[in-house]
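Please open the structure in your viewer and keep the sequence beside it, since this tour moves from one selection to the next and says what is found at each stop.

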Amino acid sequence: MNSPSPPIKISLETPVRAPSEVPVDDAVLPFEVASLDLRGRLARLGPALDDILTKHDYPPAVGKLLGEAIVLTTLLGSSLKFDGRFILQTQTDGPVSFLIVDFQAPDRLRAYARFDARRLEEGQDSGALLGHGHLAMTVDQGADMSRYQGLVALEGGDLEDAAHEYFLRSEQIPTRVRLAVGEEWRGGGDGPKHRWRAGGMLLQFLPKAPERARQADLHPGDAPEGVETHEVAEDDAWIEGQSLISTVEDVELIDPDLSGERLLYRLFHERGVRVFAPLPLRAQCSCSRDAVSGMLNSFEKQDRADMVKDGKVVVTCEFCSSVYEFTPQEAGVE
């Protein structure tokens, strides 16, 4: 049984600052549209995303999918109010059979995807790459606290669909998510340079009166035919909020010349939007020589002996591709 989920909500404790015309990469902007009872986060990723993806030379479609997962994890993980982790992980039967994104509060990101190159085809979207399986979102509050894990079935849809299903079933907070990833090519003296960019927005309806945020009950699945399902009329403010976020284009989310503040102003200026201080992000793996050595020591001696090749034990971190070499003595084989 899942333990109660720590609430993933937007904090408004950060101080207000004046809107900026200067784009800021690798940051999350919390915001509020008080007149519509909306709160949200806007994520913009540049160098940090590029650092993670270029370490593995992923095919473009796989890089784009992993980038979407990184943005989604960033939007959710950056809301943690403790020194814990938010981990997004998928296991499916698609060409990208496994991906994992690890966000360590308050700002550290790492990610990895496993795929079958033989099954990749031109034009496959995120849903086709994922296939069928499940997505797990885990909140790890530390060694002395319980972990929470929410599972969402993946049935050919994309990560935006999965996020909406997660909030509907686990959080029961009216939520919409937009994710975008693109490849940027810019000229220079040394020729064109390639960089990954991504952006995402999470919007939630959080009125003070909880009955305004009520949603229809989930379909029981085994109800007799002809039974009327429970319906709840959506609040006008939330209808407007969904309409506004649906107008956001991918190019706006990843545009390196458009600041997050200006994008939010485009969307919500008629209603008034309040933007808070950005939360910085960075790509940083948690691997180290000591950590890898400890992992080796956890194996049986014969297993360690089987790892010796050409007189050494070589371990490569799947997240950041760092290579660690050990002599047999250091690995505890001799």
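Begin by selecting Ser126, which is buried, with a relative accessible area of 10%. Ser126 belongs to helix H3, which covers residues 126-130, and you should keep in mind throughout that the model you are looking at is a predicted one. Now add Ala61 to the selection: although Ser126 and Ala61 are 65 residues apart along the chain, their C-alpha atoms are separated by 8.0 Å. If you leave aside the neighbours within four places in sequence, the residues in contact with Ser126 are Leu65, Glu68 and Asp158.

**The whole chain**

Next, zoom out and show the protein chain as a cartoon, where nine helices and 14 strands can be followed. Of the 334 residues in the chain, 46% are buried, and the accessible surface comes to about 17100 Å², with 48% of it belonging to carbon and sulfur atoms. If you consider the contacts with a separation of 6 or more, 66% of them join residues 24 or more positions apart.

**The nonpolar cores**

In soluble globular proteins, nonpolar side chains tend to be buried together. To look at this here, select Leu45, Leu66, Ile70, Leu72, Leu99, Met137 and Leu159, which touch the most other members of the largest nonpolar core, a set of 55 residues. Helix H2, residues 60-77, gives this core its largest share, namely nine residues. Then centre the view on Met137, whose contacts beyond four places in sequence include Leu72, Leu76, Phe86, Ile87 and Leu88, as well as Tyr148, Gln149, Gly150 and Tyr166. Another core lies apart from the one just described, and among its 24 residues are Leu42, Leu203, Val248 and Leu264.

**Helix H1 and what covers it**

Move on to helix H1, residues 47-54, in which Ala48, Leu49, Asp50, Ile52 and Leu53 are buried. Which elements cover the buried residues of H1? The cover includes strand S2 (38-45), H2, S5, strand S9 (193-205) and strand S12 (282-283), so it is worth showing these together with the helix.

**Val273 and a distant stretch of chain**

Select Val273, in the loop between helix H7 (260-268) and strand S10 (274-275). Val273 is partly exposed, with a relative accessible area of 26%. Adding Val33 shows two residues that are 240 residues apart along the chain, yet have C-alpha atoms separated by 4.7 Å. Not counting residues up to four places away in sequence, Val273 touches Phe31, Glu32 and Val33, and also Leu264, Tyr265 and Phe268.

**Backbone features to inspect**

Most residues other than glycine have a negative phi, and most peptide bonds are trans. With that in mind, select Ala105 and Pro106, where the peptide bond from the one to the other is cis, with omega near 10°. Pro106 sits in the loop between strand S4 (98-104) and strand S5 (108-114).

Then go to Asp26, which has a positive phi of about 55° although it is not a glycine. Asp26 is placed in the segment before strand S1 (27-33). Is Asp26 buried or exposed? At 13% relative accessibility, Asp26 counts as buried. Asp310 likewise has a positive phi of about 55° without being a glycine, and its place is in the loop between helix H9 (301-306) and strand S13 (313-316). Asp310, however, counts as exposed, at 80% relative accessibility.

**Cysteines and rings**

Now show the cysteine side chains and begin with Cys287, which is partly exposed, with a relative accessible area of 23%. Why is Cys287 not bonded to the closest cysteine sulfur? That sulfur, in Cys320, is 3.5 Å from the sulfur of Cys287, which is too far for a bond, because a disulfide needs the two sulfur atoms within 2.5 Å. Cys317 is in no disulfide either, and its nearest cysteine sulfur, that of Cys285, is 3.6 Å away. Cys317 is buried, with a relative accessible area of 12%. By this rule the count of disulfides comes to zero.

For the last stop, select Arg110 and Phe319: Arg110 lies over the face of Phe319, at 3.9 Å from the ring centre. Arg289 and Phe326 form a similar view, in which Arg289 lies over the face of the ring, at 4.3 Å from the ring centre. You can finish by looking for aromatic pairs, of which the structure holds four.

Terms used:
Residues are numbered from 1 along each chain as its sequence is written. This is a predicted model: local features need pLDDT of at least 70, side-chain atom pairs count only at pLDDT 80 or more; totals for chains, interfaces and linings use all residues. Side-chain values use heavy atoms; hydrogens and water are left out. Helices (H or I, at least four residues) and strands (E, at least two) are DSSP runs, numbered from the N terminus. Buried means under 20% relative accessible area, exposed over 50%, partly exposed in between (1.4 Å probe, protein chains only). Contact means heavy atoms within 4.5 Å. Accessible areas come from the Shrake-Rupley method with a 1.4 Å probe; for residues, only the protein chains shown count as cover. Rings of Phe, Tyr and Trp (its six-membered ring) pair if their centres lie within 6.5 Å; planes under 30 degrees apart count as stacked, over 60 as edge-to-face and the rest as tilted. A charge sits over a ring if NZ of Lys or CZ of Arg is within 6 Å of the ring centre and within 35 degrees of the ring normal. A nonpolar core is a set of buried Ala, Val, Leu, Ile, Met, Phe, Trp, Tyr and Cys residues joined through side-chain atoms within 4.5 Å.
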